[in-house]
Amino acid sequence: MLVLTRKPGQSIMIGDGVEVQVLSVAGEKVRLGITAPRDVSIFRNEVYERIESENSGDDDDDGANDAVANALQRLTRRS
């Protein structure tokens, strides 16, 4: 694991197209801004794990993509 120290207003680059910027730090909370191409999916870890657990039975890519879309729709409806 790479560990970096950044101050508010500073950022890191991931690959050629993903920038993660520290927006603010307040106590134990850090606000991040992420700039990425539209084809890059960005999820909070707990959402990603939930989607992955719902996909655990899918073997083909089309099925996995459909399962992700369905999981996102269900999560959106609950909000």
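A residue counts as exposed when its relative accessible area is over 50%, as buried when it is under 20%, and as partly exposed in between. That scale will come in handy in the views below, and Arg44, at 56%, is an exposed residue by it. Please keep in mind throughout that this is a predicted model.

**Figure 1. The whole chain holds two helices and three strands.**
Walking along from the N terminus, you meet the elements in the order β-β-β-α-α. Of the 79 residues in the protein, 14% are buried. The protein exposes about 6,700 Å², and carbon and sulfur atoms supply 48% of that area. Among contacts with a separation of 6 or more, 8% are between residues 24 or more positions apart.

**Figure 2. Strands β2 and β3 form a hairpin.**
Here β2 (residues 18-26) and β3 (residues 29-35) run antiparallel, joined by seven bridges. To get your bearings in the ladder, look for Val22, which stands opposite Leu32 in β3. Two residues lie between the strands, and Gly27 in the turn has a positive phi of about 65°.

**Figure 3. Six side chains, Val25, Val30, Leu32, Ile34, Val40 and Ile42, form a nonpolar patch on the surface.**
Together these residues offer about 500 Å² of accessible area. Which element gives the largest share of the patch? That is β3, with three residues. Leu32, the residue opposite Val22 in the previous view, is one of the patch members. Ile42 is another member, and this residue lies in the loop between β3 and α1. Ile42 has a relative accessible area of 45%, so it is partly exposed. A patch residue needs over 30% relative accessible area, and Ile42 meets that cut-off because its value is 45%.

**Figure 4. Phe43 and Tyr48 form an aromatic pair.**
The count for the structure comes to one aromatic pair. The pair formed by Phe43 and Tyr48 is tilted, with 6.5 Å centre to centre and 40° between the planes. The word "tilted" applies because planes under 30 degrees apart would count as stacked and those over 60 as edge-to-face. How accessible are the two partners, buried or partly exposed? Phe43 is partly exposed at 29% relative accessibility, and Tyr48 is partly exposed too, at 40%.

**Figure 5. Arg44 and Glu46 meet in a salt bridge.**
Side chains of opposite charge can pair when their charged atoms come close. In this view the distance between the side chains of Glu46 and Arg44 is 2.8 Å, N to O. Arg44 is the exposed residue introduced at the start, with a relative accessible area of 56%. Glu46, at 48%, is partly exposed. The structure holds two salt bridges, and the next view turns to Arg50 and Glu54.

**Figure 6. Glu54 forms a salt bridge with Arg50.**
The closest N and O atoms of this pair are 3.8 Å apart. A salt bridge is counted within 4 Å, and the 3.8 Å of Glu54 and Arg50 falls inside that limit. Where does the pair sit in the fold? Both residues belong to helix α1, and because they are four residues apart, about one helical turn separates them. Glu54 is partly exposed, with 33% relative accessibility. Arg50 is likewise partly exposed, at 33%.

Conventions
Residues numbered from 1 in each chain as written. Predicted model: local features only at pLDDT ≥ 70, side-chain atom pairs only at ≥ 80, totals over all residues. Heavy atoms only, no water. Buried < 20%, exposed > 50% of the residue type's maximum accessible area, 1.4 Å probe, protein only. Contact = heavy atoms within 4.5 Å. Areas by Shrake-Rupley, 256 points an atom, 1.4 Å probe, with all protein chains shown as cover. Pairing = 2+ DSSP bridges. Patch = residues over 30% accessible without salt bridge, like charges linked within 9 Å, V, L, I, M, F, W, Y side chains within 5 Å. Phe/Tyr/Trp six-rings, centres within 6.5 Å; stacked < 30°, edge-to-face > 60°.
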